[in-house]
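Me: Could you take me through the aromatic ring pairs here, and then the helices and ligand contacts around them? I would like one connected answer, please.

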Amino acid sequence: MATILVTGGAGFIGSHTCLVLLEADFEVVVIDNFCNSDRESIKRVEALSGKSITLYQADLSNTEAIRDVFIKHTIDAVIHFAGLKSVAESCHDPILYYANNLQSTLALLQEMTRAKVFNLIFSSSATIYDSLHPAPYQEKHPVIGKTPYGQTKLMIEQILSDLPQSDLNWNISILRYFNPAGAHPSGMIGESPKTTPSNLLPFISHVAAGKQASLRVFGNDYPTPDGTGIRDYIHVMDLAQGHLFALSEVLQQQGDFFEVYNLGSGKGYSVLEIIKAFEEANLISIPYTVVERRTGDVAISYADTSKIERRLGWQTHYTLPEICQDAWNWQKQNPSGF
Ligand SMILES: NC(=O)c1ccc[n+]([C@@H]2O[C@H](COP(=O)([O-])OP(=O)(O)OC[C@H]3O[C@@H](n4cnc5c(N)ncnc54)[C@H](O)[C@@H]3O)[C@@H](O)[C@H]2O)c1
């Protein structure tokens, strides 16, 4: 069975994807520096799957450490999750974001080339869609780097798009995620950020758990029916499955392959709708206060998922109430995260 190197595999999306890979009988090797995760997530994935993961604690910008992994293992493909992901933090500390996200990716690509491993799946983000174009977003719609975080995703997409032109061996699939949310239904793995969460569902869960007095809703004067921002929430297990579909396509290619796919639910919900859905799904009340708009936020963003549905047959299975239940189930079982 093929061996997949998962960078950032201890993180939120990485851990769920590792589980799905193990369940599909792939061998999994993880590199993570745990800057925003905990090795406990890997232990939980091993417990859930009954299989083991080979784990290396290393920073991806450490070329020697990565080289060593490619020497020790015959890697068939890389899924590259590792990166910093907070839009707000990237606006406060752009150098940190450019340094971490770009240096680690360049080092990874150099070592992949050296090891002649040319199959890659990259985690990009819907944040790069230009909001001047109305949603739903298709992969061919204009993209723009509105924040340093978004810029790093755009720059990496640009770098990756150059590779098949320089070496016909490359097979690259870029996945643009909308808003990953929820957790594995067991409640054993989920999102466990090391700092205050900036994503809506973990934030709501923290309020539900009493860790924060009320939810801050960033702006209620957007041109949407209730004035709050509309986003596309995708259950993290649907997202993880999407990687299996993309991986299977990449592994069948003979080279000169470059594709971009949206991974979202194709539906948009406002912040107030999400609060209501969480309250109804979990029978719990979420107090909130409206504050100023947040830098980098747009009014409406949701995916057109027809390309990945048509080409790969992927579609979402989890509903919004399930996203809310699984997010809360994870929070209740793990009040302090991992
Ligand atoms: N969660 C989202 O809302 C979202 C949306 C769109 C795109 N993405 C992208 O998906 C990827 C995974 O996101 P996530 O939500 O799982 O984030 P996460 O922070 O939970 O996981 C990222 C993992 O990468 C590791 N990491 C970061 N920099 C590293 C480095 N230099 N060397 C080694 N390990 C490093 C972290 O320790 C962490 O385990 C990221 O690239 C993110 O930008 C996430």
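Reply: Happy to help; here is a walk through the rings, two helices and the ligand site.

The model is predicted, so local features are described only at pLDDT of at least 70 and side-chain atom pairs only at pLDDT 80 or more, while totals for chains, interfaces and linings use all residues. Residues are numbered from 1 along each chain as its sequence is written, and side-chain values use heavy atoms, leaving out hydrogens and water.

Let's begin with the rings. Rings of Phe, Tyr and Trp (its six-membered ring) pair if their centres lie within 6.5 Å; planes under 30 degrees apart count as stacked, over 60 as edge-to-face and the rest as tilted. The count by this rule is 5 aromatic pairs. In one of them, Tyr129 and Phe178 have ring centres 6.1 Å apart and planes at 25°, so they are stacked. This pair links distant parts of the chain: Tyr129 belongs to the loop between β5 (119–125) and α6 (148–166), and Phe178, 49 residues apart from it, to the loop between β6 (171–177) and β7. Helices (H or I, at least four residues) and strands (E, at least two) are DSSP runs, numbered from the N terminus. Buried means under 20% relative accessible area, computed with a 1.4 Å probe on protein chains only. Tyr129, at 2%, therefore counts as buried, and Phe178 is buried at 6%.

The pair of Phe278 and Trp328 is edge-to-face, with 6.2 Å from centre to centre and 65° between the planes. Because Phe278 lies in helix α9 and Trp328 in helix α11, this pair ties together parts 50 residues apart in sequence. Both Phe278 and Trp328 are buried. Elsewhere, ring pairs join Tyr129, Tyr137 and Phe178 into a cluster.

Trp328 leads us to its helix. The expected span of a helix is 1.5 Å times one less than its number of residues. For the 14 residues of α11 (residues 320–333) that gives 20 Å, which agrees with the 20 Å between its end C-alpha atoms. Its buried residues include Leu320, Ile323, Cys324 and Trp330. Contact means heavy atoms within 4.5 Å, and the buried residues of α11 pack against several elements, among them α2 (39–49), α7 (200–208) and α9 (271–282).

Helix α5 (residues 94–115) has 22 residues and reaches 31 Å from its first C-alpha to its last, close to the expected 32 Å. Tyr97, Asn101 and Leu102 are among its buried residues. The partners of the buried residues of α5 include β1 (3–7), α4 (87–92) and α6. In helix α6 we find Thr152, buried at a relative accessible area of 0%. Leaving aside residues up to four places away in sequence, Thr152 touches Tyr97, Tyr98, Asn101 and Leu102. After α5 comes Lys116, whose phi is positive, near 60°.

Last, the ligand. It is surrounded by 29 residues, the closest being Asp32, Asn36, Ser37, Lys85 and Tyr149; a residue counts here if one of its heavy atoms lies within 4 Å. A polar side-chain atom of Ser37 is 2.7 Å from a ligand oxygen atom. A polar backbone atom of Gly11 lies 3.3 Å from an oxygen atom of the ligand, and an N or O atom in the side chain of Asn33 lies 3.2 Å from a ligand nitrogen atom.

Technical notes: Buried < 20%, exposed > 50% of the residue type's maximum accessible area, 1.4 Å probe, protein only. Polar contact = N/O pair within 3.5 Å; in protein donor to acceptor, adjacent residues only side chain to side chain.
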